[in-house]
Amino acid sequence: MTELELRDLRKTYAARGRPAVDAVRGIDLALRSGELLGLLGPSGCGKSTTLRMIAGLESVTGGDILVGGSSVIARPAQQRNIGVAFENYALYPPLTVAENLAFGLKARKRAARGDVDRKVREIADRVDLTPLLDARPTGLSSGQKQRVSLARALIREPDVLLLDEPLSHLDAAQRDTTRRELKRIQRDLGHTTILVTHDQEEALSLADRIAVMKDGVIQQLGTPYEIYDSPANVFVADFVGEPAINLLPGTATDDGHARLSDSARLALPVPVAVGRKVVVGIRPEDLTLTGEDDGIAARVVAHEPLLESGIATLALDGVERPLVVLTDPEVRLAHDDRVHVTADPDLTHVFDAETGDSLR
Ligand SMILES: Nc1ncnc2c1ncn2[C@@H]1O[C@H](COP(=O)(O)OP(=O)(O)OP(=O)(O)O)[C@@H](O)[C@H]1O
């Protein structure tokens with residue numbers, strides 16, 4: 001299959017009478033053949049612009065896009081052999097599923113009728129659409145529409161597959177099934193794939209590697225574990241993880257701690273210059289309630305006992321921000337209970353308060 005490479009890719013939207021928008025500010029990415037890369041970031045970070053530039057639907061301000069080692073920048077969309085499954089499905093309502101799939105093929109090149117029918121049947125079989133070939137899009141569920149959109153992108157046997165928020169319109173149950181199917185199909189067919197999403201769960205569960213993006217810049221590139229376990233900065237730490245990581249401002253002390261308030265201190269994982277302003281990050285699942293006198297004293301603000309684990313919101317003495325802790329299922333807490341909480345320094349993150357960069 002084919003590698004995809006983005007070299008210093010840039011896009012500035014410039015419209016007369018309006019300030020220019022630097023939507024993508026120099027992206028470098030190299031995808032291995034068959035790799036699924038998640039491009040993850042909040043609304044407006046430049047994900048869709050990047051996807052549209054790769055597909056050839058948007059002009060490029062600077063940089064290059066290479067498919068299989070050759071630049072495709074001068075080629076119009078139809079000549080790039082890149083399949084896109086759009087978020088809104090972009091299906092033609094008057095056409096049947098089979099006709100929607102065939103349309104993708106015919107639009108590209110004049111193909112013999114028999115060939116088209118064969119390819120439609122093959123791809124329908126691959127993505128479990130055979131029973132729906134004569135249905136029209138309006139009668140389909142969101143998950144089924146998503147599969148048609150995917151099949152239409154795949155029927156052209158693209159070198160590169162682009163998935164635009166593939167699960168965002170599905171309900172929770174459909175999302176799980178579709179996610180598993182998507183992964184299976186992508187693995188089976190081995191397409192080099194970029195999945196654009198604002199949903200961290202979608203990226204973490206599907207991607208081989210994730211590029212976290214903000215303001216047109218990639219903040220961190222790594223495996224889901226690397227991104228989750230070693231976030232490069234406060235933005236990545238905060239964006240990835242549910243419930244979100246606790247981020248507490250503090251000052252480094254001379255004995256390897258961060259002072260959060262007169263009574264609250266946390267051990268730091270690495271030496272930090274005394275007096276340096278830091279932000280300490282601890283994920284809710286990396287905190288432990290002790291009930292005894294070790295750790296930091298806290299007051300329970302709220303506790304949501306859920307099935308697999310509970311979520312406790314605590315107030316630390318003198319600390320403005322609440323501390324969220326994942327609790328064991330058997331734990332029962334009431335408002336205003338006094339508890340103690342400890343953190344393992346190995347699982348604690350520390351960031352520079354000014355730059356937000358990790359100090360680990
Ligand atoms: N055609 C356009 N003209 C001017 N500015 C644009 C245009 N398209 C996008 N932008 C701006 O470029 C930036 C990046 O937008 P883009 O749609 O790529 O982000 P995104 O991460 O995909 O967000 P979303 O998930 O909301 O689509 C935003 O500030 C957006 O307002």
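**Domains, core and ligand shell of the model**

Ala-244 is found in the loop that runs between helix H8 (234-239) and strand E11 (246-252). In this predicted model, the residue is a handy place to begin. With 15 C-beta neighbours inside 10 Å, Ala-244 counts as partly exposed. Leu-314 is 70 residues away from Ala-244 in sequence, and the two C-alpha atoms are 14 Å apart in space.

The domain assignment of the protein chain places Ala-244 within domain 2 (243-352), while domain 1 spans 4-238. The C-alpha centres of the two domains lie 39 Å apart. Contact between them involves 5 residues of domain 1 and 7 residues of domain 2. On the domain 1 side, the residues that touch domain 2 comprise 3 nonpolar, 1 polar and 1 charged. Taken along the principal axes, the C-alpha atoms of the protein chain fill a box of roughly 80 × 45 × 40 Å. Within it the chain forms 8 helices and 20 strands. Of the 360 residues in the chain, 38% are buried. Among contacts with a separation of 6 or more, 64% join residues that are 24 or more positions apart.

Domain 2 offers a well-defined local example in strand E17 (residues 310-316), where Ile-311 is found. E17 pairs with strand E18 in the antiparallel sense, over 5 bridges, and within this pairing Ile-311 stands opposite Leu-326 of E18. The hairpin made by E17 and E18 has 6 residues between the strands, and there Gly-318 takes a positive phi near 80 degrees. Strand E18 (residues 323-327) is mostly covered, with 4 of its 5 residues buried. Ile-311, by contrast, counts as partly exposed, with 15 C-beta neighbours inside 10 Å. Leaving aside residues up to four places away in sequence, Ile-311 touches Pro-243, Pro-284, Glu-304, Leu-306, Val-324 and Leu-326. One of these partners, Val-324, is 13 residues from Ile-311 in sequence and 6.8 Å away in space, C-alpha to C-alpha.

Turning to the interior, the largest nonpolar core has 90 residues. Those with the most contacts inside this core are Leu-101, Ala-151, Leu-162, Leu-195, Val-212 and Val-341. Both domain 1 (4-238) and domain 2 (243-352) give residues to the core, so it lies between them. The surroundings of Leu-195 can be listed residue by residue: apart from positions up to four places away in sequence, Leu-195 touches Leu-36, Gly-38, Leu-39, Leu-163, Pro-166, Ala-203, Leu-206 and Ala-207.

A sheet of 4 strands is also present; this sheet is open, with the order E2-E1-E4-E5 and antiparallel pairing. E2 and strand E5 (70-71) stand at the edges with a single partner strand each, so one side of each is left without a neighbour in the sheet. Strand E1 (residues 4-13) pairs with strand E4 (residues 62-67) in the antiparallel sense, and 5 bridges join the two. In one of these pairings, Leu-4 has Val-67 of E4 as its bridge partner. As a reminder, strands of a sheet pair through backbone hydrogen bonds, either parallel or antiparallel.

The ligand is surrounded by Tyr-13, Val-21, Ala-23, Gly-41, Ser-43, Gly-44, Cys-45, Gly-46, Lys-47, Ser-48, Thr-49 and His-198. Two elements, strand E2 (21-31) and helix H1 (47-55), give two or more residues to this shell. H1 supplies the largest share, 3 residues. Sorted by class, the shell has 4 nonpolar, 7 polar and 1 charged residues.

Helix H1 itself is also well covered. In H1, 7 of the 9 residues are buried, so the helix is largely enclosed by the rest of the structure. The buried residues are Lys-47, Thr-49, Thr-50, Leu-51, Met-53, Ile-54 and Ala-55. Lys-47 and Thr-49 thus appear in this buried set and also around the ligand. Following H1 comes Gly-56, whose phi is positive, near 90 degrees.

How values were computed. Residues numbered from 1 in each chain as written. Predicted model: local features only at pLDDT ≥ 70, side-chain atom pairs only at ≥ 80, totals over all residues. Near = placed C-beta within 6 Å. Nonpolar A, V, L, I, M, F, W, Y, C, P; charged D, E, K, R; others polar. Pairing = 2+ DSSP bridges. Core = buried A, V, L, I, M, F, W, Y, C linked by C-beta atoms within 7 Å. Buried ≥ 20, exposed ≤ 12 C-beta atoms within 10 Å, placed from the backbone. Domains from an automatic or database assignment. Contact = placed C-beta atoms within 7 Å.
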